[in-house]
Amino acid sequence: MAATTDIMTRTLVTSLIMGLTTLISTGQDKDLLKYVNPFIGTDRMGHTYPGATVPFGMVQLSPDTDTLPYEVDGRYNGDVYKYCAGYQYADRTIVGFSHTHFSGTGHSDLGDILLMPTTGPLQMNPGTADAPENGYRSRFSHSAEKASPGYYSVLLEDNDILAELTATVRTGVHRYTFNKGGDAHVILDMVHGIYNDAGKNVWTFIRVENDTLVTGFRQTSGWARTRSLFFAIAFSKPIESYGFRDDSPARVYRGFWRRFDQGNNFPEAAGRNIRGHFDFTAKPGEQLIVRVAISPVSTAGALANLVAEAPQADFDAVMERAEEMWRAELQKIKVTMMDESRMTSFYTSLYHTFLSPTVYMDADGSYRGLDQNIHRADGFTNYTTFSLWDTYRALHPLFTIVQQQRTADMINSMLAHYDQSVHHMLPVWSHHANENWCMIGYHAVPVIADAIVKKIAGFDYARAAEACITSARNGWYDGLDDYMKLGYVPDERTGSSVSVTLEYAYDDWCIAQAVSKLPDYTPAALHEPASDGASGERLSRPSVADNSGKTLNRSDSNLYNSPYDEFFNRSRNFLNVWDPSKGFMRPRKRDGIFRENFDVLSTHGQGFIEGNAWNYSLYVPQDPAELIRLHGGSKRFTQHLDSLFTMYLPDSFFAETEDITREGIIGNYVHGNEPSHHVPYLYNYAGAPRKTQYWVRHIMDTKYLPAPDGLSGNDDCGQMSAWYVFSAMGFYPVAPGSDRYDLGSPLVKEATITLENGKTFKVTALNQGPQNIYVRKTELNGKKLDRPWITHDEIMQGGSLVFYMGR
């Protein structure tokens with residue numbers, strides 16, 4: 001019996017060891033939250049925030065480290081650019097904690113409802129970074145600062161207060177520990193904001209409902225020119241006293257409110273620039289919990305959100321729920337990497353991709369629409385923060401794999417925007433019930449087309465296609481009338497004429513792909529990848545003018561038999577800005593003549609937005625084969641790409657473009673901005689996949705580092721991070737709107753994607769190593785793959801993709 005017991009014990013121990021080894025090798029025993037570092041991207045160009053939020057949450061509760069104005073002496077203050085997310089890692093003071101932030105953008109807004117705990121004499125000004133003691137801000141040290149998904153904490157040194165933050169979808173929860181106790185205050189600053197200027201606040205309003213509840217709203221006119229945000233604040237102990245200060249511009253008319261002392265214990269305050277204070281007596285070590293719910297609809301909506309999501313002042317319970325929400329999302333892609341630092345880079349990137357778009361509706365489905373009326377989301381979750389010029393490239397394609405239900409909800413949100421638009425336009429760059437018209441193109445189109453082509457369920461395909469077509473025929477929008485008449489946007493119309501033409505052409509190709517998939521529709525021809533890797537079947541090439549401008553392509557919808565023919569023909573308009581004498585895309589005048597003064601290296605004033613001719617001339621993702629033909633064939637095209645990656649671009653050529661900096665550049669290739677993100681994969685189309693593999697790995701190893709300054713450019717609502725997530729798994733969507741993902745060089749050892757249909761898709765890189773960056777062979781579901789791409793259906797059917805790596 002003893003011998004049998006000994007054998008059973010040894011067997012059990014062996015099984016446990018083998019099981020533990022398996023778990024360790026797959027990484028599945030590890031809490032993935034430990035690999036997320038929200039400080040990555042908070043220094044310099046990344047423009048991310050470190051604070052507390054939940055996946056796609058409406059609240060982004062985060063510290064703001066300065067109060068720089070958007071303008072100084074009537075002119076743009078360039079230093080404000082650093083504070084698009086409100087936080088810069090290099091700063092040493094914190095102004096307070098506001099509840100709304102963008103992640104990674106290159107322009108900004110928000111920073112609403114800033115709270116700051118203090119002790120001692122009351123101070124109502126924020127003070128300055130050089131003299132924080134003259135205001136309510138505080139010094140802090142990174143050694144006493146922590147951040148993880150759903151949680152942030154920092155010691156406010158000047159008053160020895162530990163501030164902790166967590167969140168639900170619509171509520172931010174603060175826990176302040178007053179280590180020394182004393183006369184305690186919570187400052188409510190309704191003046192504070194990101195990208196603030198003297199006229200941004202339209203109105204602020206605060207009501208003290210009782211001794212623990214405060215409500216109010218703020219209306220602003222900034223990037224979103226008509227924005228309203230309502231709030232409800234609940235304190236965990238009764239307010240002892242309170243007051244307000246109105247720094248609104250002086251008015252002759254003051255009404256009869258002047259008879260009251262509105263600054264002290266008066267339960268209502270209104271004006272353009274209101275700050276308030278709420279006072280308590282704190283014992284040493286006493287904690288105060290503050291719950292702040294927001295609503296786009298009303299203070300009643302905010303209060304209902306508070307009751308629905310954080311009914312009790314239980315900080316730890318809210319934090320634990322936030323962490324569980326993050327675990328559920330991060331576990332959708334389980335990876336093992338070569339080392340811990342790469343695990344951090346991967347999961348922080350995945351975390352960043354799940355920050356936006358953001359929920360924009362109350363718990364009951366009510367939301368403020370683009371028409372500023374109140375609507376109810378029927379059967380979908382309404383989203384906002386659509387940075388589409390950035391995110392159509394990789395973020396939304398990633399969602400078609402791991403966030404399919406949210407993809408449908410986001411498209412339904414776009415269609416609601418379209419229905420409410422007096423312009424009959426899908427969103428261009430929209431947030432908080434506003435279209436801000438930032439950037440170019442109509443890039444809701446590729447998001448919708450990609451979802452149609454990939455068979456994402458949950459929205460009306462025909463209605464979505466009609467919205468795409470109508471948006472693309474709005475002649476009043478950004479040169480579209482000229483584009484439809486001439487086949488290009490003329491140089492006289494806009495300083496970004498070439499970029500606009502190229503992006504319209506791609507968007508038009510996406511419309512053609514979408515309508516080809518509609519039920520009961522018979523297109524002229526269905527898209528299939530060409531044998532040489534080109535994407536897009538060709539109609540006859542539109543005639544293009546020589547430099548005399550005599551003959552040009554016309555894109556009038558009346559000339560075509562079907563929307564497919566119309567938009568496929570429009571997708572060829574990139575040919576109309578190609579100058580064969582220069583070998584680059586080039587601005588063209590209305591009369592067809594190419595602009596004379598033209599610098600292919602400069603990023604300023606040359607017909608391109610946030611890029612130069614070298615980068616933007618490669619923006620034909622819908623037809624790389626034709627792009628290669630224009631360059632004289634695969635060999636010359638490969639040499640052109642080699643030059644792009646290895647030449648030197650002096651700083652002077654991007655000095656006037658704040659979105660491009662040296663850290664985001666390799667040669668003349670700009671990874672720190674979006675227009676070039678597909679470019680490393682173009683080597684595949686020229687028959688040089690090893691060069692794709694080399695540069696993709698080089699970019700991942702040098703432009704994504706696990707440090708506060710580890711991002712080489714704005715994360716742009718997750719697009720930069722989505723590029724990494726895709727590329728680390730070994731494939732990338734060069735042309736959203738097709739079902740194709742181009743293969744590169746995986747950085748993972750293993751990646752298992754859990755799909756919403758219950759299946760899994762596993763990527764394995766055998767013989768993976770820092771030097772083994774080249775792919776010797778690939779197998780899909782055990783069979784050799786003789787093409788440098790896989791399809792969306794192949795992923796969604798589940799299975800395995802194996803890379804055999806070598807030098």
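## Strand pairings and a helix crossing

Let us begin with one residue pair: I333 stands opposite I753 in β34. This is a predicted model, and the pair is a good way into its strands. β34 covers residues 750-754, and four bridges join this strand to strand β20 (residues 333-336). The two run antiparallel.

β34 has another partner too. With strand β35 (residues 760-766), β34 pairs in the antiparallel sense, this time over five bridges. If you would like a position to look for, T754 stands opposite T760 in β35. β34 and β35 form a hairpin with five residues between the strands. Which residue of this hairpin takes a positive phi? That is G758, with a phi near 90 degrees.

Now for a separate set of strands. β32, β33 and β38 make up an open sheet of three strands, in the order β32-β33-β38 and with antiparallel pairing. Which strands lie at the edges? They are β32 (731-732) and β38 (789-791), each of which pairs on one side only. Strand β33 (residues 740-743) runs antiparallel to β38, and three bridges join them. Here Y741 of the pairing has I790 in β38 as its bridge partner.

The table gathers the strand pairs with their bridges.

| Strand pair | Sense | Bridges |
|---|---|---|
| β20 (residues 333-336) and β34 (residues 750-754) | antiparallel | four bridges |
| β34 and β35 (residues 760-766) | antiparallel | five bridges |
| β33 (residues 740-743) and β38 | antiparallel | three bridges |

As a reminder while you look at these strands, side chains in a regular strand alternate between the two faces of the sheet.

Let us turn to the helices. Helix α6 (residues 395-402) and helix α17 (residues 719-729) have axes that come within 8 Å and cross at roughly 55 degrees. α6 and α17 are therefore oblique to each other. Is their crossing left-handed or right-handed? The crossing of α6 and α17 is left-handed. On the α6 side, the contact is made by L395, P397, L398 and I401, and on the α17 side by Q719, A722, V725 and F726. By character, the residues of this contact divide into seven nonpolar, one polar and no charged.

How much of α6 is buried? The helix is mostly covered, with eight of its eight residues buried. Among these buried residues are L395, P397, L398 and I401, which also take part in the contact with α17. H396, F399, T400 and V402 of α6 are buried as well.

How values were computed:
Residues are numbered from 1 along each chain as its sequence is written. This is a predicted model: local features need pLDDT of at least 70, side-chain atom pairs count only at pLDDT 80 or more; totals for chains, interfaces and linings use all residues. Side-chain values use heavy atoms; hydrogens and water are left out. Axes are lines fitted to C-alpha atoms, for helices over the stretch in contact, and angles run from 0 to 180 degrees between N-to-C directions. Angles under 35 degrees count as roughly parallel, over 145 as roughly antiparallel, 65 to 115 as roughly perpendicular and the rest as oblique. A crossing is left-handed if the near helix is turned anticlockwise from the far one by less than a right angle, and right-handed if clockwise. Contact means heavy atoms within 4.5 Å. Ala, Val, Leu, Ile, Met, Phe, Trp, Tyr, Cys and Pro count as nonpolar, Asp, Glu, Lys and Arg as charged, and the others, Gly among them, as polar. Two strands pair if DSSP finds at least two bridges between them. Buried means under 20% relative accessible area, exposed over 50%, partly exposed in between (1.4 Å probe, protein chains only).
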